[in-house]
Structures are given as C-alpha cells and as structure tokens.
Amino acid sequence: MSAWRLSIVAPVLNERELIEPFLRQLRARAGAAEIIVADGGSTDGTAEAARPLCDRLVVARASRAQQMNAGAAAASGDALWFLHVDSQIPENAVAEMQRAIERGAVGGYFRIQLPKDNFIYRLTDSFAHYAGFVLRIRCGDHGFFCRRDAFEAIGGFPNAPLMEDVEFYRALRRRGKVVALSARLRLSPRRYEKVGATRLTLAYGLIATLYALGLPLGTLAKIYRRTCEA
C-alpha cells in the first residue's frame, strides 16, 4: 500500500454517555484517521453529540451490519477499522495495523481485555482468543480492520440476524492473510454486569459452538435473545 489512509467506522445507537469520550480518545490516539459515526437513529442525543467530534456522521437503519456498511460507503480511506463505542484503543494500534497491511495482510483484529481482575473476566478474555482459533470465529468487539479493496470484494457485512461479524471475518480469511495483533482493546464490562458475567460468558460459548456446528443463524438469534438479553 503506497499510502496509509485509515477510516474508522463506529456504529452507535443511543450511546450519549459514551460517545464523546470515545471520539476524543480516537482523535488523540488515531492521529489523522478519518472518523465516521454510523448512527442507527438514536433518540438520546448521540448524533448531536457526535457531529462536532467526528469527520462524518451517517444515518442508517438500526442494524449493526447496515450501519457499518453505510459508514464504509462514506469512507475515503483505503483501509477501514470497525470499532465499538465501548472500547478503548491502545496507543500503538494504528502503527500495528499499518505494519500488518504493509507486510501483506488483508486485515486483522486485536485481542480484547475486560478491565476486571476476577476469574470470569480472565476466562472470557482467554476463551475469546483461543477458542476463536479452534472454531475460526472472531466477533466485532475485536476491532476488525481490513484493506478497503478486500472489504468491497467481500461485499461488506452480510445482513444476517446474528453473527454478521463472524461471517465477515470468515469471508475476510478467504481473501488472504488475517493477523491477530498483540495490542489489546480494553472493553467495557457493562454488558456482562447487566446480564451477569458467568451467564453471558457461558451463553457466548454455547452460541459460538453451535454456530461452528452449523446451526442456522435464525435459530442462534433466538437462543441469543433468550440467554444474552437482560
């Protein structure tokens, strides 16, 4: 890649509390990257708070896949980075992504870390990483990045009832080398605390296993609603 032009796409829906600190840390740590917020029709002032802190604000139907696709369509960069609003990025993240792509990767992802010391969070960190190798699964909270041409060749994120991020990850792997970076994204434990850390960890593990065994996405979506929503 002769130039390094990075666009960051953040899908959001009613994230007024998190959007400003999230965008400020992106600006501080991602340098000159283009920041695009893809709003799913927030009603709590998220879009209004985001507008002065991002380069572009796009509005799409409240579907993470459609929001990320809309953000990518509006992006000007030749590399794309998809981030959740409850993540904190490491200071060396952009440099690591650039190095990976310049060395021939079509994309990659980061390891995650939940900022808590109890056992269930460390189990979650480890399961998400090592089980991902066995099951060939990575989820969107790992901060996928990729070359724009690879994204377009795949056709973006599929409009699926669940696991659209995993489907995208598997499609990206078929395009070429996908790397795991050493830097870690720190994720908010808010969802675990709301649903229950043990319950959510076990539910995620069950859904990932059933997905790898080939259960239909519609069936997995029903299991997700029963087990992962408070």
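## Helix α9 and its surroundings

In helix α9, the buried residues (under 20% relative accessible area, with a 1.4 Å probe and protein chains only) are A197, L200, T201, A203, G205, I207, A208, L210 and Y211. This is a predicted model, in which local features need pLDDT of at least 70, side-chain atom pairs count only at pLDDT 80 or more, and totals for chains, interfaces and linings use all residues. Residues are numbered from 1 along each chain as its sequence is written, and side-chain values use heavy atoms, leaving out hydrogens and water.

Helices here are DSSP runs (H or I, at least four residues) numbered from the N terminus. The cover over the buried residues of α9 includes these helices, counting contact as heavy atoms within 4.5 Å:

| Helix | Residues |
|---|---|
| α5 | 119–135 |
| α7 | 164–175 |
| α8 | 190–195 |

Helix α10 (residues 217–227) also belongs to that cover. The axes of α9 and α10, lines fitted to C-alpha atoms over the stretch in contact, come within 10 Å and cross at roughly 175 degrees. That makes the two helices roughly antiparallel (over 145 degrees). On the α9 side, the residues that meet α10 include A203, I207 and L210, and their partners include L220, I223 and Y224.

Now for the interior. The largest nonpolar core (buried Ala, Val, Leu, Ile, Met, Phe, Trp, Tyr and Cys residues joined through side-chain atoms within 4.5 Å) has 58 residues, and L220 is among those with the most contacts inside it. Helix α9 gives the most to this core, with 7 residues.

Methods:
Buried means under 20% relative accessible area, exposed over 50%, partly exposed in between (1.4 Å probe, protein chains only). Axes are lines fitted to C-alpha atoms, for helices over the stretch in contact, and angles run from 0 to 180 degrees between N-to-C directions. Angles under 35 degrees count as roughly parallel, over 145 as roughly antiparallel, 65 to 115 as roughly perpendicular and the rest as oblique.
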